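Me: I am new to this structure. Please pick a single part, look at it closely, and then show me how the rest fits around it.

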Amino acid sequence: MHATSKSDNQGNDVLGYLVDPAPLTFPGGYATRTDRPGLGIEIDEAEVERAAQRGHRWRSPLWRHPDGSFAEW
């Protein structure tokens, strides 16, 4: 199991911006202790720069029930 976003932002996985996504994976439902500071994550700044060059059209998801009524997210 791993962290994911609940949206349709295809091609933009939140873990794709990390050098090593392992600290945000949860084997057995628990976080693994790390010896790194803070959350133990390192942002892949080169990937962030590449994404900034590509641009984006991120939008908040809009979920609806089968009958068309709004669904809570």
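Reply: Start with Val-48, which sits in helix H1. The model is predicted. Helix H1 covers residues 45–54. The secondary structure holds 1 helix and 0 strands.

Is Val-48 buried, exposed or something in between? Its relative accessible area is 36%. Buried means under 20% and exposed means over 50%, so a value in between makes a residue partly exposed. Val-48 therefore counts as partly exposed.

Now look at what Val-48 touches. Set aside the neighbours within four places in sequence. Val-48 is then in contact with Tyr-17 and Ile-43. Leu-18 belongs in this view too. Val-48 and Leu-18 are 30 residues apart in sequence. In space, their C-alpha atoms are 9.2 Å apart. Contacts across long stretches of sequence can also be counted for the whole protein. Take the contacts with a separation of 6 or more: 41% of them join residues 24 or more positions apart.

Which residues share a surface patch with Val-48? They are Leu-39, Ile-41 and Ile-43. Together with Val-48 they make a nonpolar patch of about 340 Å². Ile-43 thus appears twice in this account: it is a contact of Val-48 and a member of the patch.

Next, the charged side chains of helix H1. Glu-47 and Arg-50 both lie in this helix. They are 3 residues apart, about one turn of the helix. A salt bridge joins them, with the closest N and O atoms 3.0 Å apart. Glu-47 also forms a salt bridge with Arg-54, and here the closest N and O atoms are 3.3 Å apart. Through these shared partners, Glu-47, Arg-50 and Arg-54 belong to one network.

How exposed is each member of that network? Glu-47 has a relative accessible area of 16%, so it is buried. Arg-50 reaches 42%, so it counts as partly exposed. Arg-54 has 54%, so it counts as exposed. The network therefore takes in a buried residue, a partly exposed one and an exposed one.

How many salt bridges does a search of the whole structure find? The count is 3. Two have been described above, Arg-50 with Glu-47 and Arg-54 with Glu-47. Another one pairs Arg-36 with Asp-20, at 3.2 Å from N to O. This pair links distant parts of the chain, 16 residues apart. Both Arg-36 and Asp-20 lie in the segment before H1. Arg-36 has 36% relative accessibility, so it is partly exposed. Asp-20 has 27%, so it is partly exposed as well.

Last, step back to the whole protein. There are 73 residues, and buried residues make up 15% of them. Glu-47 is one of the buried residues. The accessible surface comes to about 6,300 Å². Carbon and sulfur atoms account for 54% of that surface.

Now return to Val-48. It lies in helix H1 and is partly exposed. It helps make the nonpolar patch, and it is in contact with Tyr-17 and Ile-43.

Conventions:
Residues are numbered from 1 along each chain as its sequence is written. This is a predicted model: local features need pLDDT of at least 70, side-chain atom pairs count only at pLDDT 80 or more; totals for chains, interfaces and linings use all residues. Side-chain values use heavy atoms; hydrogens and water are left out. A salt bridge is a side-chain nitrogen of Lys or Arg within 4 Å of a carboxyl oxygen of Asp or Glu. Helices (H or I, at least four residues) and strands (E, at least two) are DSSP runs, numbered from the N terminus. Buried means under 20% relative accessible area, exposed over 50%, partly exposed in between (1.4 Å probe, protein chains only). Patches are made of residues with over 30% relative accessible area and no salt bridge: like charges are joined within 9 Å, nonpolar side chains (Val, Leu, Ile, Met, Phe, Trp, Tyr) within 5 Å. Accessible areas come from the Shrake-Rupley method with a 1.4 Å probe; for residues, only the protein chains shown count as cover. Contact means heavy atoms within 4.5 Å.
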